[in-house]
Structure formats: C-alpha cells, structure tokens
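Trainee: I've just opened this one and could use a guide. Can we go through it together, one question at a time?

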Amino acid sequence: MTANTVTLSRSSVVAGLAAAALFFWLVLQLPERDALGRSLPLSMLLGGAFGVLLQRSRFCFYCIARDFFERRDPRGLLGIVVALAVGLLGTYAIFGAWMPVPSATRLPAEAHIGPVSWVLALGALVFGIGMTVSGSCISAHLYRLGEGSPTAPFALVGAAAGFALGFLSWNDLYLRAVQEAPVIWLPRFLGYGGSLALQLGVLALVALLLMRHRAPVEAAATSLFDAVFRRRWPAYFGGALVGALATVAYLRVGPLGVTAELGSWSRTAADGLGLLPKRLAGLDTFAGCATALKEALLSRNGVFVGGLILGALAAALVAGQFQPRLPTARDVVRGLAGGVLLGWGAMVALGCTVGVLLSGIFAGAASGWVFAIFCLLGVWLSSLAARRLFAAR
Amino acid sequence: MKFSRILAAAAAGATAFVGFGAQASDALVTTEWLAKNLNDPKVRVIEVSVNPGVFERGHVPGATNFVWHTDLADPVRRDIVSKDNLQKLLRDAGVNQDSTVVLYGDTNNWFAAWGAWVFDIYGVKNVKLLDGGRKKWEAEKRDLSSQVAAAKPGNVTLADANPALRARLVDVLASAEKKSNAKLVDIRSPDEFNGKIIAPAGIQELAIRAGHVPGAVNVPWGAAVAEDGTFKSAADLKALYAAKGIDGSTPVITYCRIGERSSHTWFALVKILGYDVKNYDGSWTEYGNSVGVPIVNVAGTVWTGK
C-alpha cells in the first residue's frame, strides 16, 4: 500500500488517539502487581509497545517468509535476524548479572529453554502449516485483530480449540518423548562467550546469504509523519526494537510470549467441561509459555496480549490501515482450520514464533533454533503444496 | 526503685547496642536493622523464595539465592540437604564461622523459616530471620538489586545433624497413641485439619487420607503473624498457643502438609518462646499415607482413588 492510495483521514487519526487514550486509561486501572510481584501496568505498557512495533513494521512471520519464498525479498527475514542478534545480546547481558557463571544444574530464571525432541519439531512443523493455512502466526493474528482482520478472530478461536487438542494429546507425547528429551542450554556447553559467538556467527552467515538477494526499491517517504505513522517501518528497525523490548521485558516482567493466556483460557475451559485428563504430566515443570489453569482474572500475559491488540489498533487507525470487512466463508474456514493447527503446534512445542523462536533463541536455547528451522520448513512445504494444488485446478 | 530503673536503662542500652531492641526475639532482625547493616562484611543475607524469578528481578542487595527444592532438600530421596552439600553452599555464599546469617523469602518467610530450621539442625550459628520477610521489605520500598554478587568463599564448618530438632513418624505416632507426652500442633487450615479437603486449593492431593493426627491442636500458621507479616509479640504468641494447651511444659511437634509452613511456627515456638519443639517434615503427606496409623477425620471425606 503506497502513500498515494491512502488519503490521510483526520477521523481515523482521532480514532487512533482515542484508542491510545483507552489503552492508557486501562493501564491506570490495573492492580499494581500480580501474585509474583510483577508489575501488571508495565506488562501492559510493554504489550502496547509490542503491538505498535508489530503493526508498524509488519512483523508477521508468515508474510516475511512468503516474501522471501515467493519473491526473494529478504528484508523481513533480515529484520528477524536483527531482532535475534539484539535480543541475544540483551538477554545475555541479563544472564551475566543473574548467573555470572552458567550453572550445570540450574537454568536462568524463567528463560524459555525447552525440551528438544521430535515432538518439538513436529509441533513447529504443524505450526508452520497452520501459518500458511490461516495466513499468519498467532502474534500476527493478534496485531491484525487491531487492523480489523476478518480471519484473525476465527484463527484465534481455532487456536484455542487446537490448544485443547494439544492438551488431549499431551500425556501420550510426554511419555513417548518429551519426558526424556534433553533441555539444551547452549551456554552450559560453550560458555556465554562461546555460545554467543556461535549464534551470532550463524546469524551473520544467514544475513550474508540473504543479502545476496536484492531488496525491491520503495518510493521515499513524503514527510517524517508519513515515515513514522503511515509507511511500514524498515524491517531491520522493527527487528532491533523487538530485540530491545524483549530485553526489558525479560528483566522486568518475563520473556516475551503471546500464547500463555490463550492456552490458559483454553485449558481452564476444557478442564471446566471435563474434557481434559486429571493431570497433564510434567507440563507445569517446563519453562515456556506455561498454560496454568486460571486463578486470577488478570495475568501478566493477559494484560500484555490485551495491550498488544490495543497498541496495534491505535497504530493501524492512525496509519489508515484499520480496514475491517465482513468475513467470507473462506476467511472463516481458513481461520478456524489454520488456527487449530497453530494451537496444537504451539501447545506441544510449549510456545509459538514469539515464545519459542524469539525468546528461546534469545536465551541460547537449542529448542528455539529447532522451532525456527521446522516452522520455516512447514511454511515452505505447505506454500509449495498450496501452489501446486491451485495450479492444478 | 532507683536501682531497678538504672538496671532497665542499662538493659535498654545493651539491647540498643546489639541492635535488636524492638524485636520479640534476638533470632529476628527488623528490615530497618538489615538496611543499616547491609554493608557489614559479617552479615550474610540469604533469600529462600519459592516463586521462580523473584530473586533475580530484585533482592536485598548482596543477598545470595538458595533454591528450596534443590539446594535445601535432597532432590532424589525425601530428605533435607546433606551436611556436605549445605556446607559447600554456605561457604560459596561467603558464610564464615563468625558470620551473622539473615534469612528472608517470599510467601511470609515460609521457606526461609524452613532454611532456618535446616541451618539449626546442622549447627549454623547466628541465624536470624528478617521479620516480615520480602513482603515487608518491598512494602517499605527499600532498595532491591538484580545483580548477583560473587562472594569470597567462607570457612563455616557444620556440625552433624542434630536429631533433636526433627520429628520422625515414630515420634508422631507415639504422641498419637499417648505413649509420649509430646503435644502436636497442626498449622494447616481448619478445612484441612477437619478433613473437609486433603490439600489446599490449587495443590495436588498427595495424601490419600483426610484429617489430622489424634491429639493435635489446630493453630493455623497465620495466627502467629501480624498484618504486616511480622511475628506477633512474644506475649501475644504465648497467649495464642497457651489457649490451645501449648505452654512449653511438654515437648511440642509441629507439622503441616510438607513441613515448610510448620517451620514458620517451629521458629516462633523455639526462637521466640524458647519451647522444646521438633518440626515433623514428613508432615501430612507422610502420616496421611502411612498404613495403619490412627487418624481423626471429622468431616469424613473419603478418598476415592483418583
């Protein structure tokens, strides 16, 4: 969408400011802390900032992957590489303060370092397929809710159902593989310096390979207002801010993640309906997007996600990118079906592109890298299959 | 008259010098005292909290983190940490033979009190509990740090475990069967005590029988603390337990579900009132699962195998 096709509408800017005002009003209504002493208002503020970042830089893992697979446009993937590099550096700085020497027995508090097994790979693959089917990953569906997307609400409902299916299959998968799967934290084997050098080296290599593809040239912004509030931010800029935001979030509230609240609602509902087994073996012992039964109405992930949606809404309104339309049957089917795949994948992988891919790699977790590889593989294979299917018609 | 006044003044001066003037017991330190003495190299502060990430995001400056499940308990068999492991842990935390160790933690010092009990078993000297714990320190908006400082290794040497502080199933059974004069204090909620529920809300039922040990009196742990989380005065505590027949004239055994909240009451009874008390760390999860032991189950809840 270029600047010429959208005329700046004063009313949409006013609506955007109203959404921002509602956001800050809600922040002020929140209780100061949750049960663990984390600041709920801060969590919501970070969520709002994350929503603005995602919306303004179109930080949508599926769109980014498709841009590259279909048009060899490397910019979005380079943005993710920048996010990973900045987040890694920031998270490692915190690790150095909290745990000066990487412990052989303990993991840094709450860092999303998960078990590595074929269940993780399968979950990531299915998640990637769900991205193709529904047109987004979960975080992007959340920010697109703020853009008035007709698919996003169905994808999120589907994801909640997918979570419930994930819970149903959990005990079996846990005993088959997850229980004995190694939880691999790279600093434990290579030290902080070694593991940082290795991961930054891999990111640099990926960046170099991506840079061989030339980015399409876009028309320059017409004004500073246009550049900040209307046009998409450069992906590397959005990526750097995501990495910085993740660092602050980990220091003050917890690692970035967007599925814990959705999973909690799903688990509480399914449990309330008597659908779930009495116990989900070992589930609550892993760090990651924990999906505990709901105890308090307001959780830090809940207010984070609420903030994300409102932040994205405000940014989309000001940009003139809030364009709701009535869902078609296709939107509903794609959303629901893709959402189920997203939810199941995110449940068995203990998180999604944000909670496992970003937060995992930031923390030097092998699980983050495994998720990244298999999720991209899922997107690539399913996109290929979809093109063949439609080409055959 | 005049003489007693001089005596009182001298006593007040002495306690002010030591610095525990306003305390119910010299086993407690106030948040104010700790804030003033943080830079004293002889004072070592240790946090024992149960919630993850609490210590890392802000602790009393200079404090070291001990993790209850892995540092203070044996991770394989059900037991407290071994002497060697605890000694290494304390030395790594910079604890010397002449150090003053101040313990504190979240959830009203439950796990910090467990730490104090374990330290006492191994003869660690000069162990204090921060009165009011993390809750009061935070409520007073005192400084918090998220830096973990490496301590200079200490030289503390531990004694062999002192069995006199720890009750075993046989001790509890002897009391239940009136073969000993030890009195039992069950510090769980009245609903657990009466057998309406087996475990508190949100906690998995690890015992397959409901109720309490015959002869036990129910004084929930929270009855021993004031609104701000500090222990009540010695006089109030004395009256509280005396009303239930616990007056220090006979030995006492405290228990709860897994032995950690009862450490809190153990601390009050031993360190503030000076009674002879053992903590039963097997608690209801051991007793309520034991075959053939007598149980009082007022509510009559029956475990149905799920």
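Trainee: In chain A, what share of the contacts with a separation of 6 or more comes from residues 24 or more positions apart?
Mentor: Keep in mind that this is a predicted model. Take the contacts in chain A whose partners have a separation of 6 or more, then pick out those 24 or more positions apart. That part comes to 87%.

Trainee: How many helices does chain A have?
Mentor: Look for strands in chain A and you get zero. What the chain does have is helices, and the count is 15.

Trainee: What radius of gyration does chain A have, next to that of a compact globule?
Mentor: The C-alpha trace spans about 55 × 55 × 50 Å along its principal axes. With 393 residues, a compact globule would come out near 21 Å, so the value for chain A agrees with that. For chain A it is 20 Å.

Trainee: Which residues have the most contacts inside the largest nonpolar core?
Mentor: Of the residues of chain A, 52% count as buried. The largest nonpolar core has 123 residues. Leaving aside neighbours within four places in sequence, one of its residues, Phe127(A), touches Leu341(A), Leu342(A), Gly345(A), Ala346(A), Ala349(A), Cys352(A), Cys375(A) and Gly378(A). The residues you're after are Phe127(A) and Phe371(A).

Trainee: And the second, separate core, how many residues does it have?
Mentor: Go over to chain B for some of its members: Trp33(B), Phe111(B), Ala112(B) and Ala182(B) are included. The core has 72 residues.

Trainee: How many residues of chain A are in contact with chain B?
Mentor: Start from chain B, which puts in 14 residues. Those divide into four nonpolar, six polar and four charged. On the chain A side, the number is 13.

Trainee: Which helix gives the largest share of the side of domain 1 of chain B that touches domain 2 of chain B?
Mentor: Chain B is divided into domain 1 (21–160) and domain 2 (166–287), and their centres, taken over C-alpha atoms, are 23 Å apart. Across the boundary, 21 residues of domain 1 of chain B are in contact with 18 of domain 2 of chain B. Helix H5 (106–121) and helix H6 (133–139) of chain B each supply at least two residues of the domain 1 side. With nine residues, the largest share comes from H5(B).

Trainee: How many nonpolar residues are on that side of domain 1 of chain B?
Mentor: Sort that side by class. Five of its residues are polar and three are charged. The nonpolar ones number 13.

Trainee: Which strands are at the edges of the open sheet in chain B?
Mentor: The sheet has five strands with parallel pairing, in the order S1-S5-S4-S2-S3. An edge strand pairs on one side only. In chain B that gives S1 (28–29) and S3.

Trainee: Which residue of S4(B) stands opposite Val45(B)?
Mentor: Five bridges join S2(B), residues 43–47, to the parallel strand S4(B), residues 100–104. Within that pairing, Val43(B) stands opposite Thr100(B). For Val45(B), the partner is Val102(B).

Trainee: How many residues of S2(B) are buried?
Mentor: S2(B) also pairs with S3(B), through two bridges and in parallel, and there Glu47(B) stands opposite Asn65(B). The strand is mostly covered. Of its five residues, the number buried is four.

Key. Residues are numbered from 1 along each chain as its sequence is written. Chains are lettered from A and ligands numbered from 1 in the order in which they are written. This is a predicted model: local features need pLDDT of at least 70, side-chain atom pairs count only at pLDDT 80 or more; totals for chains, interfaces and linings use all residues. A residue is buried if 20 or more other C-beta atoms lie within 10 Å of its own, exposed if 12 or fewer, and partly exposed in between; C-beta atoms are placed from the backbone. Two strands pair if DSSP finds at least two bridges between them. The radius of gyration is taken over C-alpha atoms; the globule rule is 2.2 Å times the number of residues to the power 0.38. Two residues are in contact if their C-beta atoms, placed from the backbone, lie within 7 Å. A nonpolar core is a set of buried Ala, Val, Leu, Ile, Met, Phe, Trp, Tyr and Cys residues joined through C-beta atoms within 7 Å. Ala, Val, Leu, Ile, Met, Phe, Trp, Tyr, Cys and Pro count as nonpolar, Asp, Glu, Lys and Arg as charged, and the others, Gly among them, as polar. Domain bounds come from an automatic or database domain assignment.
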